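I am opening a notebook on this protein. I want to see what the coordinates can tell me, one look-up at a time.

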Amino acid sequence: MSPFQRIILLCFALLIKPALAADPFADSTEAEFLPVTEAYRVLPSLGEDNTLNLQWSIADGYYLYGDRFATAVSLHGQQLQVSPIYEDGIEKDDPYFGLTTVYYHNTNLQLANLPPDTVLTVKQSAQGCADAGLCYPPHHWYFRVDTGSGEILELSAAEFDAAAAPVAGSGADSGAPLWWIVLMAVAGGALLNLMPCVFPVLSLKVLSFANAHDGRPAGHGLVYSAGVVLSFAVVAGALIALQGAGRAVGWGFQLQSPWFVAALSCLFFLLSLNLLGVFQITGSWINVGGDLASRSGYSGSFFTGVLATVVATPCTAPFMGTAVGFAATQPAPVAMGVFTALGAGMAAPILLLTLFPGWLRLLPKPGTWMVRLRQFLAFPLLASALWLAWVIGRQTGANGIAATVALWLVIGFLLWLWQLGLRGRITAAAVLISTSGWLFNSSVMQPQLVHATAGEHAAYSPQLLDEYRRAGKPVFLNVTADWCITCAANEAVVLRSEDTELAFNRAGVTQMVADWTLYDPQITELLAQYGRNGIPLYLLFPADPSQPAQILPQILTGDALQQALSAL
């Protein structure tokens with residue numbers, strides 16, 4: 001079971017906790033687990049030199065994770081750089097996160113040298129578990145701290161949002177008007193069409209529009225657009241629901257589950273076989289998975305929109321990061337509107353082609369070349385399937401890759417059986433049922449508890465970043481994931497180049513990697529602190545710990561990076 005599945009089940013357990021009493025004959029009204037605010041109490045106080053002390057009182061049988069603390073301090077909506085000071089904890093072999101530092105009974109967290117005579121807002125996050133087996137989702141505490149009078153007030157989430165709102169002229173990104181955010185969402189969605197997983201599917205659909213006999217091209221364009229927009233709405237609904245349940249998630253969260261990555265890899269493999277002509281199966285239900293790119297009917301156009309959205313999720317296009325980050329901090333109606341704008345932007349280029357059919361006449365006339373193009377476009381999809389199998393290997397190890405390739409073998413065998421008549425189809429159904437039972441009861445897709453290593457660069461943790469900053473070291477933080485196409489392109493072209501490494505060495509910059517390949521609430525909190533909900537995110541911290549980090553462009557260039565390094 002993936003961390004995603006575990007935490008969803010744990011959140012569900014919180015809702016039904018009266019039924020989870022250790023003694024089945026005990027009073028049903030007695031809860032086994034304390035509410036999170038009773039299990040973990042925090043008492044803030046302001047000490048000398050404007051040091052904020054957060055004294056934690058932890059109930060017996062409960063503990064807090066040392067690496068799940070996250071602190072955000074804001075002044076007029078602008079993030080301040082702080083360096084929390086933590087006490088030493090104890091090492092625990094935790095059933096959820098492996099060997100990690102935890103705190104029992106009590107601990108103290110200090111924020112030293114806060115600005116004097118100002119009113120600050122503080123968001124403190126923490127996560128803990130009970131020895132009896134329940135792990136809480138990350139919880140947030142909010143405070144208003146007046147360093148002039150020493151007054152500290154605890155706030156609700158709504159009060160905190162109002163108090164932390166940026167003032168005019170503060171320069172905070174979240175102060176951008178809604179119309180500008182929507183415009184960026186439309187532009188970012190349009191650029192998703194150029195991503196390598198999306199382009200092969202859409203190029204064949206454009207060719208089919210040019211020779212559509214089942215309805216007018218404009219009708220296909222509208223149906224395709226409906227598929228894209230509705231799919232984005234579903235993704236937005238899932239994000240909003242999970243965030244409302246207390247889980248910190250971001251764009252592409254589903255790719256943090258090896259099960260989803262394996263399913264997407266199998267889908268790409270199936271599509272590549274279809275484009276190569278290995279099979280042609282009629283029937284609406286199978287076309288959803290195997291013939292979307294070439295079907296001529298309206299249902300094919302709709303599900304092409306759905307498929308294009310699914311395969312675009314590993315990517316964050318330019319302009320899109322700010323829009324998605326903004327949506328994650330807004331009420332549900334605003335967030336849904338921004339995601340709808342993303343879907344509209346992605347659908348717009350194809351829709352325009354169908355609304356102006358004269359543009360479609362510029363395409364070459366049908367012929368043998370279309371068959372060859374169809375076969376050629378199978379190979380980018382097959383390459384994508386192989387890449388996703390590699391991602392599974394990074395998430396689960398060699399057994400995960402073997403299981404995925406075994407699924408490809410099963411898919412090929414099922415397609416062969418299906419063409420042998422009724423007996424073959426009955427046999428195929430039996431093989432599918434038995435294979436599914438083996439896969440879902442096996443442990444080969446269990447994610448590893450540690451992320452892929454950062455290589456020669458330091459792995460991100462808030463504590464280590466704070467240590468580097470207190471020591472006066474400039475830091476470049478790369479927030480990335482193995483399933484992020486844009487991240488991989490930036491790393492291959494810019495970050496791993498010899499010139500870039502020399503520039504980092506000349507500037508004395510320490511490089512850190514925050515690997516979001518698997519679920520990590522600390523990294524999700526980091527993204528939220530900088531107004532992002534997806535990756536890549538590149539942060540350049542100057543040597544002066546009082547100075548804020550510089551956010552670099554999502555599409556990196558060597559010149560832009562070296563210019564930023566030279567300005568340190």
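**Entry 1: confidence**

What is the mean pLDDT of the protein chain, and what share of its residues reach 70 or more? This is a predicted model, so I checked this before anything else. The mean is 75, and 73% of the residues reach 70 or more.

I then looked for weak stretches. Residues 1-31 stay under 50 in pLDDT. The model has 40 contacts beyond four places in sequence for them. Residues 281-295 are also below 50, with 35 contacts beyond near neighbours in sequence. Where pLDDT is low, the predicted coordinates should not be read in detail. I leave the contacts of residues 1-31 and of residues 281-295 alone.

**Entry 2: the whole chain**

I went for the totals next. The protein chain has 568 residues, and 50% of them are buried. I find 21 helices and 18 strands. The accessible surface is about 25400 Å², and carbon and sulfur atoms hold 63% of that.

I also asked how far apart in sequence the contacting residues are. Among contacts with a separation of 6 or more, 74% join residues 24 or more positions apart.

**Entry 3: a hairpin**

I moved to strands S1 and S2. S1 covers residues 40-46 and S2 covers residues 52-58. They pair in the antiparallel sense, over seven bridges. I picked one position to look at: valine 42 stands opposite tryptophan 56 of S2.

Five residues lie between the two strands of this hairpin. There I noted aspartate 49, which takes a positive phi near 55°.

**Entry 4: the five-stranded sheet**

How are the strands of the open sheet ordered? I read S14-S16-S15-S17-S18, with mixed pairing. S14 (458-459) and S18 (550-552) stand at the edges. Each has a single partner strand, so one side of each has no neighbour in the sheet.

I spent time on S17, residues 537-541. Strand S15 (residues 475-480) runs antiparallel to S17, joined by five bridges. Phenylalanine 476 has leucine 540 of S17 as its bridge partner. S18 also runs antiparallel to S17, through three bridges. Here leucine 539 has isoleucine 551 of S18 as its bridge partner.

Is S17 mostly covered or uncovered? It is mostly covered, with five of its five residues buried. In a regular strand the side chains alternate between the two faces of the sheet. On one side of S17 I find Leu537, Leu539 and Phe541, and on the other Tyr538 and Leu540. Both faces are covered.

**Entry 5: the nonpolar cores**

I looked up the largest nonpolar core. It has 51 residues. Leu477, Val479, Trp483 and Ile535 touch the most other members. Helix H7 (residues 258-275) gives the largest share, eleven residues. Another core lies apart from this one, with 29 residues, among them Phe33, Val36, Tyr103 and Ala126.

I followed leucine 477 further. Beyond its neighbours within four places in sequence, leucine 477 is in contact with nine listed residues, including Leu537, Tyr538, Leu539 and Phe541. Tyr460, Met512 and Leu526 are also among its contacts.

**Entry 6: helix H20**

Leu526 took me to helix H20, where it is one of the buried residues. H20 covers residues 521-529, and seven of its nine residues are buried. The buried set also includes Pro521, Gln522 and Glu525.

I checked both ends. At the start, a side-chain oxygen of aspartate 520 comes within 2.9 Å of the backbone nitrogen of glutamine 522. After the helix comes glycine 531, with a positive phi near 70°.

**Entry 7: two small residues in helices**

Is serine 231 buried or exposed? Serine 231 is buried: its relative accessible area is 12%, and the cut-off for buried is under 20%. Serine 231 sits in helix H6 (residues 217-244). Leaving aside neighbours within four places in sequence, it is in contact with Gly305, Val306 and Thr309.

Glycine 393 is in helix H14 (residues 378-396). Its relative accessible area is 16%, so glycine 393 counts as buried too. I compared its position with proline 258, which is 135 residues away along the chain. Their C-alpha atoms are separated by 9.1 Å.

Methods: Residues are numbered from 1 along each chain as its sequence is written. This is a predicted model: local features need pLDDT of at least 70, side-chain atom pairs count only at pLDDT 80 or more; totals for chains, interfaces and linings use all residues. Side-chain values use heavy atoms; hydrogens and water are left out. pLDDT is the predictor's confidence in each residue, from 0 to 100. Contact means heavy atoms within 4.5 Å. Two strands pair if DSSP finds at least two bridges between them. Helices (H or I, at least four residues) and strands (E, at least two) are DSSP runs, numbered from the N terminus. Buried means under 20% relative accessible area, exposed over 50%, partly exposed in between (1.4 Å probe, protein chains only). A polar contact is a pair of N or O atoms within 3.5 Å; within protein, one must be able to donate a hydrogen and the other to accept it, and residues adjacent in sequence count only if both atoms are side-chain atoms. Accessible areas come from the Shrake-Rupley method with a 1.4 Å probe; for residues, only the protein chains shown count as cover. A nonpolar core is a set of buried Ala, Val, Leu, Ile, Met, Phe, Trp, Tyr and Cys residues joined through side-chain atoms within 4.5 Å.
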